[in-house]
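Visitor: Got a minute to walk me through this one? I'd like to start with the empty space inside.
Guide: Sure, let's bring it up.

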Amino acid sequence: MASEGEPGRRRRCCCTQDPPDVPKAPEPRGDSDGPRRGSLCDRHCAAINNVQGDLGDLGCHPHRPRVPPAVSSLSCCQQHSDEVCESCVVKTTLTAENAVEANKLSNNYKFGFKKWKSHVTARPWEDRSEIVKELYSDLNVIRGPGGSTVTCGNVLYLLLFGWWLSLLYVLVAAVMFITVVGAPYGRLCWDLAGYFLWPFGKVIQKAEVPKSRQALGACEAGAGESSALLGGPVPRRWRPWCWADVGYWRAGAVAWLCLGYPVLALAHGLVCVTAWLLVVLIPVAKLSARTAARVLLLPPERVLVRRLRMTEVPLEGEVILCCYRAVNPYYYKYAVDGINVFAVNLLPLVLVTLVLGYVDSHNRLTSSPVKFTLALLSIMPLSYYIGMAIASISAQSNFAVGAVVNATFGSITELTFYITALIKGSREGNRCYAEIVKSALTGTLVGCVLFVPGLCMVIGGIRHQEQRFNSRSAGVSSALLFLSVGGVFAPTLFSKVYGKLVCGECHNVTQNPLGHYLCHNCHFDLMENNGTLYYSHVQPLVYTVSLLLPAAYLIGLFFTLKTHSHIYDIHISDCHMPGHHHSAVVHWSRWRALVILLLSTLCMSACADLATEHISPILTNSTISQYFIGVTVLAMVPELPEIVNGIQFALQNNLSLSIEIGNCIAVQVCMLQIPILVLFTIFYPTNFTLVFSDLHVYASMFSVVLMNYIFMDGKCDYFQGTVLVMVYFILLAVYFFAPSPSGC
């Protein structure tokens with residue numbers, strides 16, 4: 001069955017027959033498919049994939065029939081079994097709903113492009129699963145007799161909202177009865193008090209009125225209006241003169257709008273916001289929103305509250321509310337205009353952070369640790385919006401534009417924080433900020449090499465006993481990682497070999513001038529003789545490495561995207577699901593995505609500035625090593641959206657993308673981010689030098705070697721993932737107990 005994230009994903013084998021119901025495509029001729037390049041197996045795989053078109057040709061052709069996946073015959077495999085089955089045994093075919101989604105799926109498998117799980121276009125309603133359909137359904141559908149309504153979620157609603165909401169309705173009903181003219185609204189509040197105490201299994205219906213009183217139709221709800229919160233039709237703005245035209249604008253209505261409705265609307269608004277923030281209680285948010293926006297604005301004689309088992313809804317009647325469950329755990333999949341509900345809920349946090357950070361500059365309202373925590377948490381939703389914008393622009397643009405956008409903004413989250421921290425450290429003359437940046441760089445490298453793929457293996461292994469991935473593509477990333485780690489730490493090794501060991505304090509242990517000495521705070525001095533070693537040898541080496549690493553990254557892009565793109569076991573079939581021909585309805589257009597990308601980047605810069613502004617008290621007063629703060633909090637919090645994407649891919653048995661997410665980030669850290677920081681120090685001198693501590697060197701090299709060993713055979717399970725995660729936690733323990741770096 002097609003999954004929510006990647007519909008139509010299936011495997012095909014080169015050396016096996018297709019099922020009888022799948023027609024065979026004609027055999028291609030190898031000599032006519034293009035120039036000869038690579039081995040016989042590569043040409044054979046290219047011939048197979050070219051039956052349906054190149055990977056880059058993703059345009060929709062509705063007038064052409066959909067070509068089924070082509071496979072080679074048994075005779076072909078008998079002739080080339082040794083070569084063919086080694087590299088093209090398993091091929092992945094992805095089927096997308098439209099050309100934009102096909103581009104996004106193709107970009108996921110391109111090296112250097114951001115891997116994005118969520119859809120960038122609106123999925124057709126008929127292609128959604130029943131679970132997802134229920135999330136977006138209206139609360140006005142009467143179902144058949146089911147189980148008991150007494151569930152843990154419904155009891156939770158009673159404890160959190162039901163009792164006090166019902167009591168409030170009783171109090172408002174008493175006030176309405178006291179006014180006499182509001183007695184009809186008092187009876188309505190009394191009925192609603194019983195409903196909101198336990199709304200499950202009950203129905204609120206809009207009663208019909210005689211035709212002589214249906215002049216209200218001109219000012220009733222518009223049929224085509226809807227909202228993400230209410231889920232269904234939403235009435236137009238209520239106009240009191242409409243009631244006056246039909247005789248409803250009476251003194252009772254005035255008393256209701258002045259004394260009853262504002263209090264209840266405020267209460268329902270509070271319930272709506274609280275339930276929405278809790279995510280799993282979004283049905284309660286929909287219930288409260290529809291009540292405040294529609295039920296409470298109807299004339300009381302047109303609102304009927306009855307138990308479901310006693311109700312027979314007439315054909316002309318309208319069910320306004322009918323709720324069965326208060327909690328639905330699948331609402332983590334809920335999206336508003338393509339934006340995940342968690343990213344929507346965290347967006348106000350960004351506004352609160354910016355207001356507190358720049359208005360309360362003297363820490364009168366909150367302290368620096370609170371502001372630092374808020375700024376760090378605000379980076380998570382902003383990273384999500386940046387990723388969504390990059391994926392949307394890349395999916396709707398050609399390859400060149402997508403490559404430029406990914407290269408420009410792919411690492412903007414991390415670079416923004418690093419550069420602001422280096423600027424602040426340079427202004428204050430504090431070397432600790434440069435050490436924190438080095439720790440964050442190392443923590444990102446180690447975390448993306450060990451923790452991200454390891455966690456994906458563990459969670460994916462819970463659902464799948466054994467997962468396979470493309471070992472050839474993983475081998476390319478591993479080779480780039482070896483190259484990048486060697487280049488980044490080359491100046492450090494050079495300084496260890498040629499630097500002069502200087503110690504801060506030494507004691508003679510044996511009381512003999514020629515005896516043994518115990519020295520503390522030893523380091524290799526590169527500034528001897530006015531910095532001759534550093535400026536004449538180490539610094540030119542740093543600049544050379546910073547030029548070679550981006551050049552190697554570009555060569556890797558050309559290798560994986562142009563000359564050897566066939567090593568990725570991916571093929572995008574026709575851009576329509578079988579039986580459907582849908583046009584692409586994008587969530588964000590290119591211009592909208594560009595505006596959101598720029599605004600998110602601007603807010604990211606502001607939050608990074610606030611984080612570096614208020615991190616100083618934490619660094620000076622904390623008893624935890626600054627190494628540990630850098631490799632954990634500052635390194636991994638910005639990567640949480642990527643970790644979530646990797647877990648979702650692993651749950652769909654697509655471990656290749658989960659591994660590529662971590663590898664691509666690690667490669668970009670060494671081959672793009674560090675050279676950019678070195679280039680930045682040329683124009684804006686800081687305390688950042690490309691000389692790392694021994695702990696960073698050993699942790700990074702050991703992580704890359706272990707990752708390469710685990711990924712050699714192209715398959716894994718939860719045990720191997722557990723090994724990677726445990727090694728990562730061991731390294732974290734080492735950083736936790738390590739002394740703080742010099743200068744902090």
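Visitor: How many cavities of 30 Å³ or more does a search of the whole structure find?
Guide: Nine. Keep in mind that this is a predicted model.

Visitor: How much space lies in the largest cavity?
Guide: About 280 Å³.

Visitor: Which residues lie nearest its centre?
Guide: K114, G410, E642, I665 and Q668. The full lining of the largest cavity has 25 residues.

Visitor: Which helix gives the largest share of that lining?
Guide: α22, with six residues. At least two residues each come from α11, α12, α13, α21 and α22.

Visitor: And how do the lining residues divide into nonpolar, polar and charged?
Guide: 10 are nonpolar, nine are polar and six are charged.

Visitor: Switching to α21. Which of its residues are buried?
Guide: P641, E642, I643, N645, G646, I647, F649 and A650. E642 also lies among the residues nearest the centre of the largest cavity.

Visitor: What do the buried residues of α21 pack against?
Guide: Several helices, including α3, α11, α14, α20 and α22. The strand β8 is on the list too.

Visitor: What happens just after α21?
Guide: N653 takes a positive phi there, about 60°.

Visitor: Now L677. Where does it lie, and why does it count as buried?
Guide: L677 is in helix α22. It counts as buried because its relative accessibility is 0%.

Visitor: What is L677 in contact with, leaving aside neighbours within four places in sequence?
Guide: L415, Y418, I419, L422, V437, L441 and F688. F688 is 11 residues from L677 along the chain, and their C-alpha atoms are separated by 8.2 Å.

Key. Residues are numbered from 1 along each chain as its sequence is written. This is a predicted model: local features need pLDDT of at least 70, side-chain atom pairs count only at pLDDT 80 or more; totals for chains, interfaces and linings use all residues. Side-chain values use heavy atoms; hydrogens and water are left out. Buried means under 20% relative accessible area, exposed over 50%, partly exposed in between (1.4 Å probe, protein chains only). Helices (H or I, at least four residues) and strands (E, at least two) are DSSP runs, numbered from the N terminus. Contact means heavy atoms within 4.5 Å. On a 1 Å grid over the protein atoms alone, a cavity is a set of points where a 1.4 Å probe fits but cannot get out, and a pocket is an open set with protein on both sides within 12 Å along at least five of seven lines; lining residues have an atom within 4 Å of a point. Grid points are joined across faces, edges and corners, and a volume is the space filled by probe spheres set on the points. Ala, Val, Leu, Ile, Met, Phe, Trp, Tyr, Cys and Pro count as nonpolar, Asp, Glu, Lys and Arg as charged, and the others, Gly among them, as polar.
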